[in-house]
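Biologist: Could you take me through how to read a ligand site, a helix packing and an unusual backbone angle?

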Amino acid sequence: MRFSTTGAKNGNTVSFKEAVFHCLPQTGGLYIPAIMPDIRAAMYPMDEKAGYNELVAPVTGALLEDEMDEAGARRVAASCAGIAPELEILDERFSILHLTNGPTGTFKDFSAAFLGAVLNELLRPEEHLLVLSQAVQALGASISGAFAPYPNITTVLLYPEGSIYGLNEDAFRRPGSAGNIIPVRIAGSLDDCNRLINEILLDEQWTRRYSTTSATAINPARLIPQAFFYVYAFIKLKKTLSQDLFFSVPSGNFGNLIAGLYAWKFGLPVNGFIAAMNINNALGDLWKRRNLYPNAPDYKAPPRSRPAVTLSPALDVHYPANHELLLALYDEVPAVMRNMVFPQVITDEETEKSMEFAWKRYNVILDPHSAVAFMAALKHAGRRDFDGHIVTLATGHPARYPALLERVTGQKIDIPPRIALLQKKSEPLADIPCELDMLESVIASCF
Ligand SMILES: *Cc1c(COP(=O)(O)O)cnc(C)c1O
């Protein structure tokens with residue numbers, strides 16, 4: 001699989017390894033697949049009996065054909081597919097794809113596990129890699145859990161004021177320990193953390209000394225494995241499906257939606273994606289300005305400098321980190337994309353209604369993010385002449401929002417031990433101002 005960069009005028013491409021090990025192109029832009037590999041030969045022989053790991057190995061093999069052999073793809077699958085999505089078919093119109101079986105209960109566990117496994121597989125035994133990530137909410141726990149098993153990878157987690165939760169302190173890189181996780185608190189905002197990561201990736205002197213990459217969503221190996229979700233739902237449904245197939249995706253930074261579009265470009269037969277947003281309507285303005293959706297839902301939120309706080313915090317995004325990747329897809333074929341991606345904006349009130357309806361009608365408990373997407377699916381299905389099946393991606397575990405769900409559904413919410421662990425606070429190994437030099441010296445002192 002070869003990658004080019006968004007906005008690049010030349011036809012230069014880099015390998016998958018280059019794109020994931022140096023995920024911020026020196027020339028600006030972000031990496032996008034240059035030519036979409038075709039996974040149909042790997043996908044079509046599988047049916048509803050195939051387990052998730054049986055899918056990950058051949059699809060990874062098909063995608064990375066020129067860089068990883070079959071045995072390598074099988075090792076990657078064995079390391080990352082210990083957790084699996086679960087498709088719950090509600091009726092002939094709706095399904096839920098639960099992506100909440102991982103350690104922290106979000107779909108990000110799947111991409112973190114794949115990223116760790118793929119980096120480890122592509123790393124030669126004498127190589128060492130430094131990985132940086134921001135670590136708000138459960139992402140820190142997700143990434144550190146996925147990366148702790150790989151001794152040749154050291155992971156630095158940056159987070160803004162406040163605390164970090166759910167990390168295994170035995171994996172911390174303290175003097176004399178074999179640990180490989182370095183949590184660092186930055187006096188600044190989440191944007192500051194992301195900016196520091198980009199600065200360190202662009203510091204040539206540093207990256208010559210320490211091979212450094214990022215585990216944030218700019219890394220293509222975080223996005224690619226999310227395409228597997230859609231393939232998995234398709235193979236589970238294909239025998240019974242007689243209608244068009246749609247996916248409803250809770251969208252904040254649009255990583256998951258872009259991965260769905262990649263799956264489509266890799267050869268998945270799918271008829272459309274519903275971009276389910278909360279009132280922050282993350283891409284609404286952009287889409288409107290480009291006149292892509294003249295009839296797009298026109299929710300007028302008051303102008304403000306920060307996103308509104310809603311019941312679905314992971315969707316409280318004003319300026320999606322992945323907008324460049326999405327726009328690159330739109331620029332290629334705007335008319336096709338307009339008939340492939342359907343925006344929906346869902347209010348908090350509708351989110352609660354959705355949770356209540358999912359419980360009363362289908363006995364399913366949905367977290368608020370999943371509920372945004374389910375309401376968007378219900379609305380889309382209500383269109384005149386609609387005759388399709390919509391798979392709603394359930395991206396977060398309901399046990400992370402017990403009070404809200406107990407109020408809305410009247411049910412007692414069980415909290416699995418792994419989700420309860422996310423309440424455990426950890427102290428950082430360093431607490432520093434938002435300065436590149438400080439961060440570099442903290443990391444250097446760990447070697
Ligand atoms: C991160 C996250 C999302 C948003 O996904 P994007 O890929 O950023 O659009 C949705 N739901 C949950 C639970 C999340 O953690």
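The dialogue below goes through the ligand, two helix pairs and two loop residues.

Modeller: This is a predicted model, in which local features need pLDDT of at least 70 and side-chain atom pairs count only at pLDDT 80 or more, while totals for chains, interfaces and linings use all residues. Residues are numbered from 1 along each chain as its sequence is written, and side-chain values use heavy atoms, with hydrogens and water left out.

Biologist: How many residues surround the ligand, and which are the closest?

Modeller: A residue is near a molecule if one of its heavy atoms lies within 4 Å of it. Here 15 residues surround the ligand, the closest being Lys108, Gly252, Asn253, Phe254 and Thr395. By class, this shell has 5 nonpolar, 9 polar and 1 charged residues (Ala, Val, Leu, Ile, Met, Phe, Trp, Tyr, Cys and Pro count as nonpolar, Asp, Glu, Lys and Arg as charged, and the others, Gly among them, as polar).

Biologist: Which atoms of Lys108, Phe254 and Thr395 lie close to N or O atoms of the ligand?

Modeller: A polar contact is a pair of N or O atoms within 3.5 Å. A side-chain N or O atom of Lys108 is 2.5 Å from a ligand oxygen, a backbone N or O atom of Phe254 lies 2.9 Å from a ligand oxygen, and a side-chain N or O atom of Thr395 is 2.8 Å from a ligand nitrogen. Of the 390 Å² of accessible area that the ligand has on its own, the protein covers 94% (Shrake-Rupley method, 1.4 Å probe).

Biologist: At what angle do helix 5 and helix 6 pack?

Modeller: Axes are lines fitted to C-alpha atoms over the stretch in contact, and angles run from 0 to 180 degrees between N-to-C directions; helices are DSSP runs (H or I, at least four residues) and strands likewise (E, at least two), numbered from the N terminus. Helix 5 (residues 108–122) and helix 6 pack at about 35°, with axes 8 Å apart. Among the residues in contact (heavy atoms within 4.5 Å) are Lys108 and Leu119 of helix 5 and Leu139 and Phe147 of helix 6. By class, this contact has 8 nonpolar, 2 polar and 2 charged residues.

Biologist: And how do helix 3 and helix 4 cross?

Modeller: The axes of helix 3 (residues 52–63) and helix 4 (residues 70–80) come within 8 Å and cross at roughly 140°.

Biologist: Where are the residues with positive phi, Gln137 and Asp385, found?

Modeller: Gln137, which is not a glycine, has a positive phi of about 50° and sits in the loop between strand 6 (129–134) and helix 6 (139–147). Asp385 has a positive phi near 70°, in the loop between helix 16 (368–381) and strand 14 (388–394).

Key
Polar contact = N/O pair within 3.5 Å; in protein donor to acceptor, adjacent residues only side chain to side chain.
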